[in-house]
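Here are some short exercises for practising how to read a protein model. Try each task yourself before you look at the solution.

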Amino acid sequence: MATQAAKSSVYQWEGTDLNGAKTHGQITADSHAMIRVLLRRQGITISKIRRHADRQLTAGKSVTALDITLFTRQLATLISAGIPLLQALEAIASGFDSRAMRQQVTALKQDIGSGTSLTAALRKQPTHFDPLFCSLVEAGELAGALDVVLQRLASYREKAAALKKKIKKAMTYPGAVLLVALGVCAILLIKVVPQFQGIFRSFDAQLPVFTLWVIGLSDLLQGYGLWLLFFSGIALAGLRHRYKHCTTLRQRLDRWLLKLPLVGNLLHMSVMARFARTLSTTLAAGVPLLDALNAVASATGNSLYKEAVLRLRQQVATGSQIHVAMGAVGVFPGMAIQMTAIGEESGTLDDMLDHVAAYYESEVDTLVDNLTTLMEPIIMVVLGVMVGGLVIAMYLPIFNLGRVI
């Protein structure tokens, strides 16, 4: 799809519709002939076509998750207002400042105008519309409730983005402060410690072991600091690549993260919130349970829970109730299992899972606030130990200077 878009150009057109009223717009296509065919199918007679060369669209790599969420919300609103799908897509495309996003929406409009369903058009752009998105839209089209499903999908994406933002906030703050602390220590070791070395050389005395260790670290950074930084970057990039492509490493790292104090509990709560929210949204949209569990497995964001959901799906496929299968898998908390059982017995599984998601999202809020509050004194202690240790190492010989003199 991206290859086709890269060869296409944006054209502005003017014409008249079936009622004889003048209309105009813009469309992405490969030629004038294609534009005439597409618009003729919509009952529009073309009077003028003009290529808009300065508005050629680029590949859609810069389309963000927020753009897709905004597109979903706008499409749901326009469809619920009774606006035809093609007109809704045209209005949405013209409202985006991002040329990349305009390309995506215009491509959707072009596919649908040629007779393709919305679901099929979305599946041609898997980079921006994942299987969960497409499955929900397909369920909405089949049920004749596309606007309702799109509203739920937009709400789901907004809540998922908010949850992800909270997790990033909890992880970014201590990491950023620690990075600053390392930078300050590096400056002290490279710029300040050598000044003290000149003073120490003027005295013929044995330096404390701690001071010698700091001086050695300073010499190492001065001589090989750039190389250490270079190889550290390569190592991190290699680890990230390995994490994406090595299932065993990903499983071990995800399992290790879940065992960390405080952080592990936060990750566990966020995974449960995503699991319940995704399953609730898919079931409410009318997606079959087995298909919904397939989508949920990819949405958990943790390889350990992804495997657990896939095992859960296998047991459900053999006839087990979902709450029984959740208990057998062994990673789901008792509260989630009990709420799921109540939902199954009362026929309100999607509503109960929505309550479960709300509960765990609230727990994530509380944990993030507590973690942030708790990390502040810990970070101050770490900063004090790192910077204070360097200062003490440099002043230890000076404390003994009287004895040397």
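A residue counts as exposed when its relative accessible area is over 50%, as buried when that area is under 20%, and as partly exposed in between. Keep in mind that this is a predicted model.

**Exercise 1. A residue in a strand**

Task: Find the element that holds Ser 47, and decide whether Ser 47 is buried or exposed.

Solution:
- Step 1. Ser 47 belongs to strand β3, which covers residues 45-51.
- Step 2. The relative accessible area of Ser 47 is 60%. The cut-off for exposed is over 50%, so Ser 47 is exposed.
- Step 3. Leaving aside residues up to four places away in sequence, Ser 47 touches Glu 14 and Gly 15.
- Step 4. Between Ser 47 and His 24 there are 9.7 Å from C-alpha to C-alpha, and the two are 23 residues apart in sequence.

**Exercise 2. The whole protein**

Task: How many helices and strands does the protein have, and what share of its residues is buried?

Solution:
- Step 1. The secondary structure consists of 17 helices and three strands.
- Step 2. Of the 405 residues, 39% are buried.
- Step 3. Now take the contacts between residues at least 6 apart in sequence: 61% of them join residues at least 24 apart.

**Exercise 3. Aromatic pairs**

Task: Classify the ring pair of Trp 227 and Phe 230, then do the same for Tyr 359 and Tyr 360.

Solution:
- Step 1. A pair of aromatic rings is described by two values, the distance of the centres and the angle of the planes.
- Step 2. The structure has nine aromatic pairs. In the pair of Trp 227 and Phe 230, the ring centres are 6.3 Å apart and the planes stand at 85°. Planes over 60 degrees apart count as edge-to-face, so this pair of Trp 227 and Phe 230 is edge-to-face.
- Step 3. Trp 227 and Phe 230 sit three residues apart in helix α9 (residues 209-245), a separation of about one helical turn.
- Step 4. With a relative accessible area of 53%, Trp 227 is exposed, while Phe 230 is partly exposed at 45%.
- Step 5. Tyr 359 and Tyr 360 also make an edge-to-face pair, with 5.0 Å from centre to centre and 75° between the planes. Here Tyr 359 is partly exposed at 38%, and Tyr 360 is buried at 3%.
- Step 6. Ring pairs also join Phe 71, Phe 129 and Phe 133 into a cluster.

**Exercise 4. Helices that pack on α16**

Task: Work out how α9, α11 and α8 are oriented relative to α16.

Solution:
- Step 1. Start with α9. Its axis lies 8 Å from that of helix α16 (residues 349-399), and the two pack at an angle of about 120°. That angle makes α9 oblique to α16.
- Step 2. The crossing of α9 and α16 is left-handed. In α9, the residues Phe 210, Thr 211, Val 214 and Ile 215 meet a set in α16 that includes Gly 389, Leu 390 and Ala 393. Sorted by class, this contact of α9 with α16 has eight nonpolar, two polar and no charged residues.
- Step 3. Go on to α11. Its axis is 8 Å from that of α16, at an angle of about 155°. Angles over 145 count as roughly antiparallel, so α11 and α16 are roughly antiparallel to each other. This crossing of α11 and α16 is left-handed, and the contact holds 18 nonpolar, three polar and five charged residues.
- Step 4. Finish with α8. The axes of α8 and α16 come within 11 Å and cross at roughly 5°. The limit for roughly parallel is under 35 degrees, so α8 and α16 are roughly parallel to each other. Their contact divides into 30 nonpolar, no polar and six charged residues.

**Exercise 5. Helix α12 and its cover**

Task: Which residues of α12 are buried, and what covers them?

Solution:
- Step 1. Helix α12 spans residues 289-299, and its buried residues include Ala 292, Leu 293, Ala 295 and Val 296.
- Step 2. The cover over the buried residues of α12 includes α7, α8, α11, α13 and α14.
- Step 3. Just after α12 comes Gly 301, with a positive phi of about 80°.

Technical notes:
Residues numbered from 1 in each chain as written. Predicted model: local features only at pLDDT ≥ 70, side-chain atom pairs only at ≥ 80, totals over all residues. Heavy atoms only, no water. Phe/Tyr/Trp six-rings, centres within 6.5 Å; stacked < 30°, edge-to-face > 60°. Helix = DSSP H or I, 4+ residues; strand = E, 2+ residues; numbered from the N terminus. Buried < 20%, exposed > 50% of the residue type's maximum accessible area, 1.4 Å probe, protein only. Axes fitted to C-alpha atoms, helices over the stretch in contact; angles between N-to-C directions. Parallel < 35°, antiparallel > 145°, perpendicular 65-115°, else oblique. Left-handed = near helix turned anticlockwise from the far one by under 90°. Contact = heavy atoms within 4.5 Å. Nonpolar A, V, L, I, M, F, W, Y, C, P; charged D, E, K, R; others polar.
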